[in-house]
Amino acid sequence: MNQAYQFQSHSGSTASESASLVHAVSSIFSNSFGINPKTQQPYRLGPKTTKKRLALAHRLFLASDEADHFVGYLFATEIASSGGSVGWIDSLAVLPPHRRKGVGTKLVANFAEHFSSVRWIGCATPNPIAAFVITKVVKGEFYIGECDPTEELVDMINEIRSLCQDLRGVDFNPRSLLVRTKFHPSDTGDNTEWCPPHPTEPPPWWSSLENLSSQYEALLIVDKSHET
């Protein structure tokens, strides 16, 4: 990292009762995802919604800079399934000035360590950078894009759908691991953060996320039982 960052974590219930932590998450979200092209207003996760989502999460991970300003967060939930428990990343964001400095990577690493006992790691994202970071940190068999997911994986997703905020009430395409959504921050027109970290060697799944329709988010699932 180019500068010193501090990291901390809290239970979701504790974070939801802290006005300062709720404000931090809400502010980082609103300043991370740009402008909604339909409303011309920033995408927002207001304090009431943030408080509710944190209360449902099991863990919040936060990053702060040298001035003790919060600059990134990740919050996640553990969901039980008959095929093994799932560590689901509900939301991950880093403020633009602090990207590409290892903040997101460290947040994911802290999450992976805390949820080390789960079999599956999952998230829904329109942003290939987030998927890239997760696949670099979490070890296992990756399923993303057009990947021919196993029947066990599809059964797991269908089993947890009612318990997962990203999957509840949305259309799910198991062949391409897509969920229909109305939120797609790359519609802002500022696509600089979606450039491959290594442009000459993007991962094979990169183009499927890079060119996602604004109606969809891609699911990334890691089966840690096949960790190498």
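**Close-up views of a predicted model**

**Figure 1. Helix α2 passes helix α3 in a right-handed crossing.** The model shown here and in the other views is predicted. Helix α2 covers residues 19-30 and helix α3 covers residues 47-56; they pack at an angle of about 110°, and their axes are 9 Å apart. An angle from 65 to 115 degrees counts as roughly perpendicular, so α2 and α3 are roughly perpendicular to each other. On the α2 side the contact is made by Val 22, Val 25 and Ser 26, and on the α3 side by Pro 47, Thr 50, Lys 51 and Leu 54. Sorted by class, the residues in this contact of α2 with α3 are four nonpolar, two polar and one charged.

**Figure 2. Thr 50, a residue of helix α3, seen with its contacts.** Is Thr 50 buried or exposed? Buried means under 20% relative accessible area, and Thr 50 is buried because its relative accessible area is 1%. If you set aside the neighbours within four places in sequence, the residues in contact with Thr 50 are Val 22, Val 25, Ser 26 and Leu 45. Val 22, Val 25 and Ser 26 also belong to the α2 side of the contact with α3.

**Figure 3. The largest nonpolar core, with 48 residues.** Which residues have the most contacts inside this core? They are Leu 60, Tyr 73, Leu 74 and Phe 111. Take a look around Leu 60: leaving aside neighbours within four places in sequence, Leu 60 is in contact with Gln 8, Ser 9, His 10, Ala 15, Val 25, Leu 54, Tyr 73, Leu 74 and Phe 75. Another core, of 19 residues, lies apart from the largest one, and its members include Ile 160, Leu 167, Leu 177 and Leu 219. As general background, nonpolar side chains tend to be buried together in soluble globular proteins. For the wider setting, the protein has seven helices and nine strands, and 51% of its 228 residues count as buried. Among contacts with a separation of 6 or more, 72% join residues that are 24 or more positions apart.

**Figure 4. Helix α5, mostly covered.** This helix spans residues 128-137, and eight of its 10 residues are buried. Which residues of α5 are the buried ones? They are Pro 128, Ile 129, Ala 130, Ala 131, Phe 132, Val 133, Ile 134 and Thr 135. What covers them includes the helices α4 (103-114) and α7 (206-210), together with the strands β4, β5 (120-125), β6 (141-144) and β9 (216-223).

**Figure 5. Helix α4 passes helix α5 in a right-handed crossing.** The axes of these two helices come within 9 Å and cross at roughly 50°. The angle range for roughly parallel ends at 35 degrees and the one for roughly perpendicular begins at 65, so α4 and α5 are oblique to each other. In α4, the residues Gly 104, Thr 105, Val 108, Ala 109 and Ala 112 meet Val 133, Ile 134 and Val 137 in α5. By class, this contact of α4 with α5 has six nonpolar and two polar residues, and no charged ones.

**Figure 6. Arg 100 and Asp 148, two residues with a positive phi.** Most residues other than glycine have a negative phi. Arg 100 is not a glycine, yet its phi is positive, at about 60°. Arg 100 sits in the loop between β4 and α4 and counts as exposed, because its relative accessibility is 56%. Asp 148 is not a glycine either, and its positive phi is about 55°. Asp 148 belongs to the loop between β6 and α6 (151-160); with a relative accessible area of 68%, Asp 148 is exposed.

**Figure 7. Ser 82 and Pro 204, two exposed loop residues.** Where is Ser 82 found? Ser 82 is in the loop between β3 (70-79) and β4 (86-94), and its relative accessibility of 70% makes it count as exposed. Ser 82 and Glu 152 are 70 residues apart in sequence, and the C-alpha to C-alpha distance is 10.0 Å. Pro 204 has its place in the loop between β8 (178-180) and α7, and it is exposed, with a relative accessible area of 82%. Pro 204 and Ile 144 are 60 residues apart along the chain, and their C-alpha atoms are separated by 9.9 Å.

Technical notes:
Residues numbered from 1 in each chain as written. Predicted model: local features only at pLDDT ≥ 70, side-chain atom pairs only at ≥ 80, totals over all residues. Heavy atoms only, no water. Axes fitted to C-alpha atoms, helices over the stretch in contact; angles between N-to-C directions. Helix = DSSP H or I, 4+ residues; strand = E, 2+ residues; numbered from the N terminus. Parallel < 35°, antiparallel > 145°, perpendicular 65-115°, else oblique. Left-handed = near helix turned anticlockwise from the far one by under 90°. Contact = heavy atoms within 4.5 Å. Nonpolar A, V, L, I, M, F, W, Y, C, P; charged D, E, K, R; others polar. Core = buried A, V, L, I, M, F, W, Y, C linked by side-chain atoms within 4.5 Å. Buried < 20%, exposed > 50% of the residue type's maximum accessible area, 1.4 Å probe, protein only.
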